[in-house]
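Open the model in your viewer and get a cartoon view up. We'll hop from one selection to the next.

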Amino acid sequence: MVPRRLPKLAPLFLRALPFGHSISKPELQFAAFARSIPHGTDPSLSCTPGVGVYDDGMTTRTRDRSREFDIGLWGATGFTGRLVADYLVRNYLGGNTGLRLALAGRKKEKLERVANEVGAPQLPILIGDSFNADALNAIAAKAEVLISAVGPYTKYGAALVAACARNGTDYCDLTGETHFIRAMIDAHEEEAKRTGARIVHCCGYDSIPSDLGTLMVQESFMQRHGRYASEVKMAAGEMKGGMSGGSLSSVLNTVDELKENPSLRKVFGDPYALNPKGVRGPDKRDQNGVRFDKDFDMWTGPFVMASINTRVVRRSHALMGLPWGEGFRYSEVMTTGKGAAGLSRAVSVAGGIMAFMAGIAFPITRPLIEKRLPSPGEGPSKEVRDKGFFKTRLIALGDGQTVRGLVADQRDYGYGSTAVMLSEAALCLAFDDAQLPSDGGILTPATAMGMRLVERLRAAGMTFEVEG
Ligand SMILES: NC(=O)c1ccc[n+]([C@@H]2O[C@H](COP(=O)([O-])OP(=O)(O)OC[C@H]3O[C@@H](n4cnc5c(N)ncnc54)[C@H](OP(=O)(O)O)[C@@H]3O)[C@@H](O)[C@H]2O)c1
């Protein structure tokens with residue numbers, strides 16, 4: 001038997017948010033946070049190139065490449081930002097697309113160093129700070145699309161989303177912070193619809209394999225069976241990779257925010273936390289124990305990223321108008337193999353997550369754990385990234401029929417593969433407008449870019465296939 005590789009558990013634990021179990025109106029909990037976020041209401045700003053006058057509630061974004069840059073990479077100096085810069089330069093700069101790329105961040109010299117390191121010293125540099133709304137507004141007005149690799153997003157991300165919504169600038173990021181996305185929906189959805197800004201969170205390992213994988217198996221189910229599946233189950237399988245300080249910092253920041261504001265637990269515990277108000281379905285809380293799943297024919301434990309991925313998939317379904325039915329169900333687990341070994345790994349996963357979360361929440365153990373983990377700016381070595389990979393399996397079920405899907409990559413999930421997913425999402429927004437299903441709003445990968453992004457990711461070497 002081929003030995004199964006167990007994922008390094010730490011990065012997964014770090015994304016675990018197993019708090020609380022129910023809430024009826026998450027929006028209410030968020031009103032205060034959302035109100036504190038800058039809104040774009042200055043009508044003079046509607047004269048940004050590419051954005052017309054707001055009237056009659058019509059979307060006014062024209063994607064005519066009239067702006068100075070196709071893509072601005074905000075946070076190019078960070079661990080993930082550098083990987084994105086490298087990918088875009090290596091694969092697209094000077095190519096047929098004629099990509100006009102700028103690096104953006106808060107330190108000129110550091111940005112110039114990144115430009116040199118990726119072999120493109122001529123790249124234009126844009127300077128700003130996450131807390132300087134004027135600078136962010138100026139940057140947003142210059143680009144067709146902004147990528148944000150600056151996190152934790154609840155700490156550093158809100159003003160940039162506000163600037164993009166105001167300027168009709170498309171935007172994609174890597175946040176996995178459910179409460180940040182909820183706040184952005186509450187604060188900027190209306191304006192993004194008005195200006196035509198496509199704001200797309202979760203364009204990395206969370207939540208592209210889940211969101212686009214579900215879309216893919218549903219499309220295939222429809223082609224084969226003439227209707228959509230009533231349930232999709234996702235299983236994170238074999239994976240290998242490492243973790244960056246920025247990801248750790250985002251999790252620790254969320255734990256701290258939860259301590260300060262326990263009402264946030266209700267948002268994390270709500271399976272429909274990102275849905276439009278009143279649009280719900282039958283799903284309950286994410287699996288947090290050990291079970292044998294007969295559809296995957298394997299033991300399963302909790303998957304820590306389920307807390308964000310499931311919410312994103314459910315938002316996609318809601319934004320599409322519930323085409324898969326009001327009773328559609330979606331869930332995520334981690335598969336750990338068959339037999340006694342599979343069971344024992346599932347128990348380790350479940351126990352490890354609980355122990356890790358308790359460890360970072362407890363003041364005595366937290367510094368001990370932090371000492372062993374990377375600082376912001378650091379991340380897995382090239383060697384670790386090169387040896388990384390992941391496999392995500394999906395099963396669509398309905399009326400006794402089944403369609404199986406696989407989303408996989410031969411790069412580490414958190415950084416190598418994530419840099420490809422984020423970059424291709426930005427390119428898709430910048431260059432594929434005519435083929436996209438979306439207009440402005442706070443969208444998801446599936447609703448903003450749909451199967452067009454799947455095609456791009458396949459071309460970039462990722463596996464998106466329907467099996468059997
Ligand atoms: N969803 C996924 O699959 C996934 C994967 C990877 C990462 N992520 C998320 O992506 C984020 C970045 O992670 P990372 O490891 O790349 O982080 P990192 O290495 O710590 O980089 C953080 C970046 O933020 C910038 N920054 C910090 N404070 C700023 C401010 N006030 N104004 C402007 N820029 C500021 C830093 O600039 P300086 O260089 O000037 O300090 C740096 O460019 C995290 O939230 C992480 O959770 C998600």
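How many helices and strands does the protein have? There are 18 helices and 14 strands, taken as DSSP runs (H or I of at least four residues for helices, E of at least two for strands) and numbered from the N terminus. Before you click on anything: this is a predicted model, where local features need pLDDT of at least 70 and side-chain atom pairs count only at pLDDT 80 or more, while totals for chains, interfaces and linings use all residues. Residue numbers start from 1 along each chain as its sequence is written.

**Stop one: the parallel sheet**

Select β3, β2, β1, β4, β5, β6 and β13, in that order: these seven strands make an open sheet with parallel pairing. Two strands count as paired if DSSP finds at least two bridges between them. At the edges sit β3 (125-127) and β13 (441-443), each pairing on one side only. Neighbouring strands here are turned by 20° against each other on average, direction ignored; axes are lines fitted to C-alpha atoms (for helices, over the stretch in contact), and angles run from 0 to 180 degrees between N-to-C directions.

Zoom in on residues 143-148 and 170-173, which are β4 and β5: they pair in the parallel sense over four bridges. Show Ser148 and you'll find its bridge partner, Asp173, in β5.

Now add helix α4, residues 108-117, which packs on the sheet and touches β2 and β3. Its direction makes about 140° with that of β2. Then bring up α3 (79-92), lying across β1, β2 and β4 and running at about 155° to β1. Contact here means C-beta atoms, placed from the backbone, within 7 Å.

**Stop two: a helix pair**

Select 158-167 and 178-195. These are α7 and α8, whose axes come within 7 Å and cross at roughly 25°. That makes α7 roughly parallel to α8, a label for angles under 35 degrees (over 145 is roughly antiparallel, 65 to 115 roughly perpendicular, the rest oblique). Which residues of α7 make the contact? Show Val161, Ala162, Ala165, Arg166 and Asn167; across from them on α8 are Met184, His188, Glu191, Ala192 and Thr195. By class, that is five nonpolar, three polar and two charged residues, with Ala, Val, Leu, Ile, Met, Phe, Trp, Tyr, Cys and Pro as nonpolar, Asp, Glu, Lys and Arg as charged, and the others, Gly among them, as polar.

**Stop three: α10**

Pick residues 245-260. The end C-alpha atoms of α10 are 22 Å apart, which agrees with the 22 Å that its 16 residues should span at 1.5 Å a residue; the expected span is 1.5 Å times one less than the number of residues. Colour Gly246, Ser247, Leu248, Ser249, Ser250, Val251 and Thr254: these are its buried residues, with 20 or more other C-beta atoms within 10 Å of their own (12 or fewer is exposed, in between partly exposed; C-beta atoms are placed from the backbone).

**Stop four: antiparallel strands**

Go to β8 (291-293) and β9 (298-301), paired in the antiparallel sense over three bridges. Arg291 stands opposite Thr300, and in the four residues between the strands of this hairpin, Asp297 takes a positive phi near 55°.

Finish on β11 (389-398) and β12 (401-409), antiparallel over nine bridges. Ile395 has Arg404 as its bridge partner, and Asp399 in the two-residue turn has a positive phi of about 50°. On to residues 463-467: this is β14, pairing antiparallel with β12 over five bridges, with Thr463 opposite Ala408.

Notes. Two residues are in contact if their C-beta atoms, placed from the backbone, lie within 7 Å.
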